[in-house]
Amino acid sequence: MYALQQTGLLEGGRQASLGEAELEATPTLLALLVDELAHGVLLVTAQCRILHANQTARRELEHAVVLGADHGELKVLMPADAKAFQHAMAKAVAGKRSLIKLATDGVDFTMAVVPLQRQPGVPCERMALVLSRLGVSESGVFGAFARSHGLTQTEEQVLVFLCRCLSTPEIAVQMKVAVSTVRSHVRSLCAKTASSGVRELVNRVAILPPIAPLPLGQIH
């Protein structure tokens, strides 16, 4: 990743410059930080050469469901998606942001295409691509949210379905239980989280920090 040419810390109301060692470590620290995000983040050139991908983005590239990599070049796998992506990249070269939806085989997510270091009249050569999470349960803090409010495993499952915008009858079908059972779980969820209703509950989950979950061997 790339460090800003002039980096400083506000200290006692004034800007204190970082030492040479700290400046050299900044790109590594930023890469480590971005690796902890549940959102896939890639830095690419205007020609789609991959400069950096965090661990979430690397997993997507390895699975090659929507995006892939060929000799270090980013590939959008579906033709319809590729056309929208090329249009967004052209806008990014001109310094304009875009939001596009990519989908294949029932899996879809949104990508933000953000030009970096924009300068008026100068074509942008580097872009950040930020991917949405495939599901709220992929956040590393979702389980912590459930534990901190004493949710049962079933209540946590209902909460995931609510965050996917499923209705009560749809959740009942997914869980193979009665609608009244789902409503009972929803009432319990709202009570345990001190939420006035489903909308407030889902909004509280939506703003949880987007931290990537730990590998199974590191959960404790």
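Which residues of helix H5 (residues 153-163) are buried? In this predicted model, the buried residues of H5 are Glu 155, Val 158, Leu 159, Val 160, Phe 161, Leu 162 and Cys 163. Their packing partners are four other helices, namely H4 (142-148), H6 (168-175), H7 (179-192) and H8 (198-206). Just past the end of H5, the backbone at Cys 165 adopts a positive phi of about 70 degrees.

A helpful place to turn next is the segment after H8, where Leu 208 is found. Leu 208 has a relative accessibility of 16% and therefore counts as buried, the cut-off being under 20%. Setting aside neighbours within four places in sequence, the contacts of Leu 208 are Val 141, Phe 142 and Phe 145. Leu 208 and Phe 145 are 63 residues apart along the chain, and their C-alpha atoms are separated by 8.5 Å.

The largest nonpolar core offers a second point of entry. This core holds 25 residues, of which Leu 42, Leu 67, Leu 74, Phe 85, Met 111 and Leu 129 touch the most other members. Two or more residues come from each of the strands S3 (41-45), S4 (50-53), S6 (73-76), S7 (98-104), S8 and S9 (126-131), and likewise from helices H2 (55-63) and H3 (79-93). The most is given by H3, with five residues. Apart from this core lies another, of 22 residues, including Val 141, Leu 151, Cys 163 and Ile 171. Cys 163 is also one of the buried residues of H5, and Val 141 is among the contacts of Leu 208.

Two residues of the largest core deserve a closer look. Met 111 sits in strand S8 (residues 107-115). With a relative accessible area of 0%, Met 111 is buried, because that term applies to values under 20%. Beyond four places in sequence, Met 111 is in contact with Leu 67, Phe 85, Ser 98, Leu 99, Ile 100, Leu 102, Leu 129, Val 130 and Leu 131. One of these, Ile 100, is eleven residues from Met 111 along the chain, with a C-alpha separation of 5.4 Å.

Leu 67 can be described in a similar way. Not counting residues up to four places away in sequence, Leu 67 touches Glu 60, Leu 61, Leu 74, Lys 75, Val 76, Leu 77, Leu 102, Phe 109, Met 111 and Leu 131. Leu 102 and Leu 131 therefore appear in the contact lists of both Leu 67 and Met 111, where contact means heavy atoms within 4.5 Å.

Terms used: Residues are numbered from 1 along each chain as its sequence is written. This is a predicted model: local features need pLDDT of at least 70, side-chain atom pairs count only at pLDDT 80 or more; totals for chains, interfaces and linings use all residues. Side-chain values use heavy atoms; hydrogens and water are left out. Buried means under 20% relative accessible area, exposed over 50%, partly exposed in between (1.4 Å probe, protein chains only). A nonpolar core is a set of buried Ala, Val, Leu, Ile, Met, Phe, Trp, Tyr and Cys residues joined through side-chain atoms within 4.5 Å.
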